[in-house]
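Trainee: Could we go through this one together? I'd like to talk about the cysteines, then one serine.

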Amino acid sequence: MQYGLLIMGAPYSSSAPHSALRFAQAVLNKGHQIKGVFFYQDGVQNASQLMAPPQDELNMRDAWVELHRQHGVALDVCIAAALRRGVMSESEAKRHGQVNFNLEAPFELTGLGQLLELQQCCDRLITFA
């Protein structure tokens, strides 16, 4: 079975990203596939490369990147939600006259159309809010 994940909770203030990551690992261990993860609303903060949790806590961004590296899972970030929350790529930072950026590959800024495409190509789209 092919799954897609929709993450709407911020790391460290919501259990949604942790639950989604554990769900993804369990699904993959059972032989299923994760076609993609879409970060929306406060969930876009999972993509910030500037998060620096204490060393004894899981770095959620690094955990998502590792999921991508091991399984090729696409990591899409809603561009409108991201820009509202100060999460932007280098190109978006330049476009908005900002000096710094905090989003890099494998995360990719996309629109809600990508979420619809993910929903259509998966057997199940699971929301973690």
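Trainee: Why is Cys122 not bonded to its closest cysteine sulfur?

Mentor: This is a predicted model, where local features need pLDDT of at least 70, side-chain atom pairs count only at pLDDT 80 or more, and totals for chains, interfaces and linings use all residues. Residues are numbered from 1 along each chain as its sequence is written, and side-chain values use heavy atoms, with hydrogens and water left out. A disulfide is a pair of cysteine sulfur atoms within 2.5 Å. The closest sulfur to that of Cys122 sits in Cys121, too far for a bond at 4.1 Å.

Trainee: And how many disulfides turn up in the whole structure?

Mentor: Cys78 is in no disulfide, since the nearest cysteine sulfur, that of Cys122, is 17 Å away. Searching the whole structure gives a count of zero.

Trainee: Is Cys78 buried or exposed?

Mentor: Go by relative accessible area: under 20% is buried, over 50% exposed, and in between partly exposed (1.4 Å probe, protein chains only). Cys78 comes in at 4%, so it counts as buried.

Trainee: On to Ser48: which residues does it touch?

Mentor: Contact means heavy atoms within 4.5 Å. Leaving out residues up to four places away in sequence, Ser48 touches Arg61 and Asn102.

Trainee: What is the relative accessibility of Ser48?

Mentor: Ser48 counts as buried, so its value has to fall under the cut-off. That relative accessibility is 10%.
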